[in-house]
Amino acid sequence: MSTLPTTTPHGPAPLSTVQATMLVARREIDTRVRAKSFQITTVLFVLVVVAGILVAHFVGGRTHTIDVGTTDGGVVAAVQQAGRSAGLDLAVTTVPSQDVGEAKLRDGSLAALVVPEAGGSDGFSVVVKQTLDSQLRTVLDGLARQQTLDSEVSALGGDPAAVTAKVLGAQAHVTALEPQSQQDTAQLVVAYLAGVLMYITLMIGSQLVAQGVVEEKTSRVVELLLSTVRPAQLMAGKVIGIGAVALLQVGITVIAAAVAATRTGVLDTSSLQMGPVVLWAVLWFLVGFTTFSILFAALGALVSRQEEVSSVVTPVTMVMVLPYVFGLAVLIPDPHNQIGTVASFIPFFAPFLMPIRAALGVAPLWELLLSLAISLVVLPVLVWAAGRIYSNAVLRTGARVSLKDALRG
Amino acid sequence: MTALELENLTKSYGDRQALDGATFSVGSGEIFGFVGSNGAGKTTAMRIVLGVLAADDGEVRWAGRPITLDDRRRIGYMPEERGLYPKMKVGQQLEYLARLHGLTAAAATAATKRWTETLGVAERLGDEVQKLSLGNQQRVQLAAALVHEPDVLVLDEPFSGLDPVAVDVMSGVLRERSAAGVPVVFSSHQLDLVERLCDRVGIIRSGRMVATGTIDELRRTDRPRWAVVGPPPSAWANQLSGARVLSDDDAAGARRTVVETPGGDGQDVLAAALAAGSVHEFAPSRPSLSDLFRHAVASEEAAR
């Protein structure tokens with residue numbers, strides 16, 4: 001108590017709304033990014049996603065490469081070519097002798113051994129350990145037929161190559177009355193990921209906002225804060241801060257997944273315009289997060305204990321689960337589903353359904369823009385109601401405040 | 001003179017009237033003690049000053065004009081419901097609060113250091129608030145009210161839960177802040193402390209100020225009271241015209257009587273007592289703040 005600080009002659013500068021909101025947001029980011037729980041869940045997300053991709057890579061890789069040996073170097077190209085046109089990835093190697101080849105069959109490093117027919121005639125025979133893989137059999141049968149056909153065509157004085165080209169070019173022409181756009185694996189996987197990530201991030205982020213609001217209420221620090229910032233600034237700062245942290249977490253996960261997928265070549269994204277898909281997902285995340293987190297903030301303000309949070313937010317949680325389940329279970333298998341298409345324009349549902357439709361490539365630009373506009377129009381009303389509920393309820397500790405009381409003030 | 005003025009503040013919660021026209025002002029360099037029983041409206045009045053609650057009617061003025069959010073940022077506030085982020089470190093927390101009150105990052109760090117040193121919690125800067133003892137949490141709470149070098153201090157029950165050393169530290173801080181020209185308002189149930197510290201006192205009852213003034217002013221009364229140690233009152237006091245025996249007890253073998261008279265210098269009281277027997281002590285009896293307070297509360301209960 002020897003010396004006391006003296007008041008500065010010029011008082012501190014007044015704080016603008018943006019400054020106040022950013023201070024609150026920065027505290028949220030600082031404390032949350034430093035928290036163990038954030039670091040652990042981020043590492044877990046990355047591990048799960050990368051592990052999933054690696055498993056897909058290795059499991060997928062094994063089944064697709066079939067090792068075939070042959071004692072006749074002349075058929076290597078033909079076998080490989082036949083395999084490729086049948087969609088099989090064959091690794092054809094020459095072995096010095098049939099004995100060496102058979103030894104390799106026994107130790108499993110070869111799936112089949114192609115040897116020329118004894119007596120130098122056309123055709124070949126196949127040696128296997130136990131059974132011939134059915135797909136490989138089709139390929140080799142086809143090759144045998146082709147060789148026979150070629151030699152017959154030559155015997156008749158024709159040009160085998162020309163005949164083959166003609167035969168291959170012949171196919172039935174299909175006219176679809178109601179053509180369906182085809183989604184390839186990459187589109188489906190990305191749509192699925194978009195749906196799941198959107199749900200998990202929005203759910204976790206909104207819950208964190210509700211918990212953060214209740215934390216300030218339980219610890220009663222909120223009264224001290226509200227003596228210097230407005231309720232709207234406090235709420236906005238919290239939503240922005242936690243939203244940034246959630247975006248950071250999902251960003252890290254997506255980048256890790258993208259790196260792993262590109263390195264292993266698991267996902268062929270050539271059919272997808274990844275840029276727009278990611279952009280739309282981020283946009284929808286921002287809209288969805290704002291929508292749900294301010295709702296959660298308002299509802300969180302009604303209760304005074306963490307244990308009450310989950311029960312007070314349940315109605316909104318339902319509104320989130322519904323489109324999520326529908327999106328994954330109905331919309332992805334059936335991208336043109338009517339209910340799904342209509343629901344993707346309804347606020348609260350749109351953030352879950354539109355990114356899926358965007359990834360599936362079934363939503364034209366005007367639909368994306370219209371749906372976004374509808375959700376944005378609802379937002380100010382939501383902000384007004386949530387702000388009112390929040391400022392009326394956040395200082396009333398004790399029993400749960402009813403929604404009606406909080407709205408009335 | 002920069003003063004904080006509360007004028008005619010009215011607030012009701014449903015059909016319960018929490019404030020019913022409360023009015024008082026606190027001048028620059030003045031320590032104002034705000035007393036009243038639980039639920040009388042002290043906390044509500046302070047919350048309205050801070051803008052945490054909106055008044056139904058009435059006005060809070062600072063320097064003669066209606067108070068703004070920027071003025072309120074210059075108030076140091078200690079809410080009745082103590083609260084800090086339990087998992088945030090003391091230093092970070094104080095810096096954050098200072099910045100929310102408009103200090104720059106550098107100024108916030110410097111102020112945090114100064115005030116934690118002044119209040120004796122400097123060595124706990126890196127600890128989470130929840131790891132501190134209750135007494136130290138209180139000191140951090142006070143630091144939170146002071147860290148932005150406020151122009152006004154509004155403290156709701158700042159002394160509750162403090163050990164005697166902390167009470168001295170707190171009293172010293174309040175005195176020095178007011179000496180620096182800061183108006184200080186605090187509420188307390190520790191009336192001896194209020195009596196010792198405050199320049200002026202306001203007693204609130206059922207949302208209305210029933211008495212406001214210096215302690216001397218409040219004690220002054222039209223009907224002087226006299227304390228007599230000596231003979232039993234029945235022997236002499238009943239003969240005095242217009243006098244009323246307020247108390248009469250027989251502690252430690254000495255008969256002590258307090259008599260209220262319509263006026264005069266008390267010589268008639270002394271003469272009557274002497275006539276009845278030997279008088280060991282004779283003195284004017286002035287009500288203590290506790291007496292005044294009890295009187296206010298008693299009439300409140302009688303009014304119910």
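**Exercise 1. State the domains of chain B and how far apart their centres lie.**

Solution. The domain assignment divides chain B into domain 1, residues 4–218, and domain 2, residues 222–286. The model is a predicted one. In it, the C-alpha centres of domain 1 and domain 2 of chain B are 43 Å apart.

**Exercise 2. Describe the six-stranded sheet of chain B: its strand order, its edges and the helices on it.**

Solution.

Step 1. Write down the order. The six strands of this open sheet in chain B follow the order β6-β7-β8-β3-β9-β10, and their pairing is mixed.

Step 2. Find the edges. β6 (75–78) and β10 of chain B each have a single partner strand, so one side of each has no neighbour in the sheet.

Step 3. Give the twist. On average, neighbouring strands of this sheet are turned by 15° against each other, direction ignored.

Step 4. Add the helices. Helix α5 (residues 134–146) of chain B packs on the sheet and touches β6 and β7 (152–156) of chain B. The direction of α5 makes about 160° with that of β6(B). Helix α6 (residues 164–179) of chain B lies across β3 (31–35), β7 and β8 (184–187) of chain B, and runs at about 150° to β8(B).

**Exercise 3. In what sense do β9 and β10 of chain B pair, and what lies between them?**

Solution.

Step 1. Strand β9 (residues 200–205) and strand β10 (residues 208–213) of chain B are paired in the antiparallel sense, over five bridges.

Step 2. Within this pair, R205(B) stands opposite R208(B) in β10(B).

Step 3. Two residues separate β9(B) from β10(B), and the two strands form a hairpin. In the turn, S206(B) has a positive phi of about 50°.

**Exercise 4. Describe the four-stranded sheet of chain A in the same manner.**

Solution.

Step 1. Four strands of chain A make an open sheet in the order β2-β1-β3-β4, with mixed pairing.

Step 2. β2 (89–94) and β4 (124–127) of chain A are at the edges; each has a single partner strand, so one side of each lacks a neighbour in the sheet.

Step 3. The average turn between neighbouring strands of this sheet is 30°, direction ignored.

Step 4. Look at one pair. Strand β1 (residues 65–70) of chain A pairs with β2(A) in the parallel sense over six bridges. T70(A) has T94(A) in β2(A) as its bridge partner.

Step 5. Place the helices. Helix α3 (residues 76–85) of chain A packs on the sheet, where it touches β1, β2 and β3 (112–116) of chain A, and its direction makes about 170° with that of β2(A). Helix α4 (residues 98–106) of chain A lies across β1, β3 and β4 of chain A, at about 160° to β3(A).

**Exercise 5. Classify two helix packings that involve α13 of chain A.**

Solution. Two packed helices are described by the angle between their axes and the distance between the axes.

Step 1. Take helix α7 (residues 185–218) and helix α13 (residues 350–360) of chain A. Their axes come within 8 Å and cross at roughly 160°. Angles over 145 degrees count as roughly antiparallel, and α7(A) and α13(A) are therefore roughly antiparallel to each other. The crossing of α7(A) past α13(A) is right-handed.

Step 2. List the residues. Among those making the contact are V190(A), A194(A) and M198(A) of α7(A), and F352(A), I356(A) and L360(A) of α13(A). The contact of α7(A) with α13(A) has 12 nonpolar, two polar and no charged residues.

Step 3. Take helix α11 (residues 309–331) of chain A with α13(A). Their axes are 8 Å apart, at an angle of about 25°. Angles under 35 degrees count as roughly parallel, so α11(A) and α13(A) are roughly parallel to each other. Their crossing is right-handed.

Step 4. In this contact, P323(A), Y324(A), G327(A) and L331(A) of α11(A) meet F352(A), L353(A) and I356(A) of α13(A). By class there are six nonpolar, one polar and no charged residues in the contact of α11(A) with α13(A).

**Exercise 6. How many residues of chain A are in contact with chain B, and which element of chain A gives the most?**

Solution.

Step 1. In chain A, 26 residues are in contact with 36 residues of chain B.

Step 2. α1 (17–34) and α8 (221–226) of chain A are the elements that give two or more residues to this side of chain A. α8(A) gives the most, with five residues.

Step 3. By class, the side of chain A that touches chain B has 15 nonpolar, eight polar and three charged residues.

Key. Residues are numbered from 1 along each chain as its sequence is written. Chains are lettered from A and ligands numbered from 1 in the order in which they are written. This is a predicted model: local features need pLDDT of at least 70, side-chain atom pairs count only at pLDDT 80 or more; totals for chains, interfaces and linings use all residues. Two strands pair if DSSP finds at least two bridges between them. Axes are lines fitted to C-alpha atoms, for helices over the stretch in contact, and angles run from 0 to 180 degrees between N-to-C directions. Two residues are in contact if their C-beta atoms, placed from the backbone, lie within 7 Å. Ala, Val, Leu, Ile, Met, Phe, Trp, Tyr, Cys and Pro count as nonpolar, Asp, Glu, Lys and Arg as charged, and the others, Gly among them, as polar. Angles under 35 degrees count as roughly parallel, over 145 as roughly antiparallel, 65 to 115 as roughly perpendicular and the rest as oblique. A crossing is left-handed if the near helix is turned anticlockwise from the far one by less than a right angle, and right-handed if clockwise. Domain bounds come from an automatic or database domain assignment.
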